Each structure stands twice: as C-alpha cells, then as structure tokens.
Amino acid sequence: MLSVYFLSRKEFFVQIKAIIGLLRPHQWIKNGFVLVGVLFSFQWMSAATWLDAGLAFAAFCCAASAVYVLNDCKDVEADRQHPKKRFRPLAAGLVSPSVAVVLGALLVAMALAVGYAASTKVLMFVCGYLLINIAYTLWLKHEVIVDVFCIFGGFMMRLLAGTIGIGLEPSRWLLITGMMITLFLGFGKRRAELASALKTGKQSRKSLDSYSLPLLDKFISTCAAGTVITYGLYTVDSETVAVHGTQDMIWTMPIVVFGIFRYLYLIHHQGKGEDTSKDLFKDIPMLLAVLSWAVAVVLIVYV
C-alpha cells in the first residue's frame with residue numbers, strides 16, 4: 001500500500017509538471033509588451049495604473065497559454081514527427097487531449113474575466129488576440145508572410161492593451177517600433193525553422209515551402225533596420241522629449257543596436273531563433289542588454 005501511495009504521488013507530480021509545460025510559462029515574457037506603456041509614461045508611481053497593467057498582463061498570460069494548448073491539440077501528430085516538438089506534453093502522451101481541452105477552455109474563461117476586470121478595452125484587445133491566434137492556428141499559419149503578420153498582430157494587441165486599454169496614450173513612433181521588432185523576431189523564427197528543416201529534412205510547417213533563406217534574410221535585414229531607425233526617431237521625437245522632459249533617451253540607442261546585432265548573430269551562427277523566450281534567458285549578452293536597456297530608461301526618465 002505504501003509503495004502504491006508513493007507511486008501515485010510521483011505520477012501526480014509528473015502530471016502537474018507536464019501541465020505546466022503545456023502552458024509554456026517561459027513564453028509569458030512576451031507579455032512584457034503590456035508593461036511598455038507604463039514604463040514610458042509618467043504613471044510610474046500610480047498604484048491604480050500598475051494594478052490595471054498587472055491585470056492586463058495576467059489576462060494575456062492566460063490567453064497565450066490557451067492558444068498554446070489549442071496549437072498543441074491541433075498539431076499533436078505533426079509534433080510527434082518533429083525532432084524537438086515530440087517532447088511536448090501532448091505529443092509525448094504526458095497529458096491527455098481531454099485534459100488539454102478542459103484546461104484550454106478554463107484559460108480562455110480566465111483571460112476574459114481578468115481582462116474585463118482591468119477594463120472593457122483590455123477585454124476587447126484580449127478578444128482580438130484570441131481571434132487572431134485562433135485564425136492563425138487553424139488556417140493563417142500556412143499562409144506565407146501572413147503567418148508572421150499574425151504574430152505581429154498578437155504583439156500589437158498586447159501593446160495596445162497596455163496603453164489605450166489602461167488609459168495611457170501610446171507614442172506613434174513606439175507603436176511603429178513595436179511593429180518592426182515583432183516582424184524582425186517573427187521572420188527570424190521562420191528562418192531558424194527553415195534552416196532546421198533543411199538540416200534535418202523534417203519540416204514543421206507548410207508555409208516554409210514558400211520561404212527561402214535569402215528571402216528571409218532580406219525580410220530580417222529590412223525589419224532590423226526599421227527597428228533601429230524607428231526607435232531612434234522615437235527617442236528624438238518632440239512628443240517624446242515633451243513627455244519625458246529630456247533629450248537623453250537617444251543614449252539608449254547603442255544598447256538597442258547591440259541587441260539587434262546580437263540576435264542576428266544568434267540566428268546566423270548559433271542556430272537560434274525558433275524560441276525567442278528561451279534564447280533570451282539562455283544567452284547572457286542578450287539578457288544583459290535587455291536589463292541594461294530597462295535600467296537606462298528608468299534612470300534617464302525618472303532620476
């Protein structure tokens with residue numbers, strides 16, 4: 001009886017670990033886009049603003065995990081043939097499809113409830129995020145270029161929820177910068193997937209048939225240049241100077257340029273890019289660049 005008890009406990013914890021893996025909490029870092037509006041506003045000391053931003057962040061964490069569950073349910077057979085994705089909880093048989101469906105439904109309900117608690121506008125952007133990603137998972141992920149613009153759309157929903165959704169006015173240049181950097185990361189992801197497919201002979205998505213490495217390199221270069229230019233224009237924009245009361249935001253430019261160059265290095269020479277969140281946490285120079293940028297912004301704007 002005692003051995004059965006310990007075996008049951010072990011199985012329970014394995015199941016919990018698998019469910020957590022299905023939610024992909026390491027991907028929640030992408031929802032940091034929700035907090036960008038607070039960082040670049042003068043509501044830094046407002047507890048109410050932080051509460052609304054925190055609720056919006058939590059809503060998008062639930063929504064993102066729900067989308068990952070849906071994606072894994074739909075692609076379970078294809079994932080079993082993939083050298084890396086076959087270890088995902090559903091593909092590996094660690095979580096049953098019925099449990100995944102119930103979990104996904106609960107996450108959607110939580111995302112909508114928490115989004116509404118923040119504001120009706122945040123709820124609207126959460127719904128927009130869910131609709132874009134459901135369309136992406138069921139259909140648009142197979143459409144060349146459109147697939148990456150769906151990723152961009154999801155990031156824009158986060159950025160708008162963290163600004164308009166909680167009563168903050170977004171900077172036009174900051175929105176464009178957000179667009180360029182999400183397209184940069186999206187096309188970087190496609191390049192990494194295509195490079196992996198060419199190496200292993202196993203393709204993870206249909207849209208890769210319509211891409212080529214030279215074409216993706218052109219897209220990536222365009223978006224990288226666009227990110228640097230639009231961010232630079234944001235730092236010297238008269239509206240930015242007026243809001244922050246300083247012209248010193250321009251000094252964060254070298255950190256941004258380093259981050260872009262470092263990520264290009266990871267894509268081209270380290271075979272990274274398929275999982276941006278893991279790459280960020282595992283690459284010390286990239287992580288230090290992000291932290292340095294955040295610290296520099298806080299010091300320039302608030303000290």
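Thr49 sits in helix H3, which runs over residues 47–74. In this predicted model, Thr49 turns out to be buried, because its relative accessible area is 9% and the cut-off for buried is under 20%. As for what surrounds Thr49, setting aside neighbours within four places in sequence leaves contacts with Val38, Gln43, Ile166 and Leu168.

Next comes the second largest pocket, which holds about 260 Å³ of space. Its lining is made up of 16 residues, and those closest to the pocket's centre are Phe40, Ser41, Glu169, Ser171 and Val243. Sorted by character, the lining splits into seven nonpolar, seven polar and two charged residues. Helix H10, residues 238–244, is the top contributor to this lining, giving four residues. Both domains take part too: domain 1 (21–169) and domain 2 (171–302) each supply at least three residues to the lining of the second largest pocket.

Then there are the stretches marked in the UniProt record. An unreviewed entry there carries the annotation "transmembrane region" for residues 53–70, 90–116, 122–139, 146–167, 173–192, 213–234, 249–268 and 280–302. Two of these spans can be looked at a little further. For residues 122–139, the model gives 94% helix and 0% strand, with the end C-alpha atoms 25 Å apart. Residues 249–268 come out at 80% helix, again with 0% strand, and here the end C-alpha atoms lie 30 Å apart.

Definitions and conventions
Residues numbered from 1 in each chain as written. Predicted model: local features only at pLDDT ≥ 70, side-chain atom pairs only at ≥ 80, totals over all residues. Heavy atoms only, no water. 1 Å grid on protein atoms, 1.4 Å probe; cavity = no way out; pocket = protein on both sides within 12 Å on 5 of 7 lines; lining within 4 Å. Points joined across faces, edges and corners; volume = space filled by probe spheres on them. Helix = DSSP H or I, 4+ residues; strand = E, 2+ residues; numbered from the N terminus. Nonpolar A, V, L, I, M, F, W, Y, C, P; charged D, E, K, R; others polar. Domains from an automatic or database assignment. Buried < 20%, exposed > 50% of the residue type's maximum accessible area, 1.4 Å probe, protein only. Contact = heavy atoms within 4.5 Å. UniProt positions renumbered as here; feature names shortened; annotations may be inferred.
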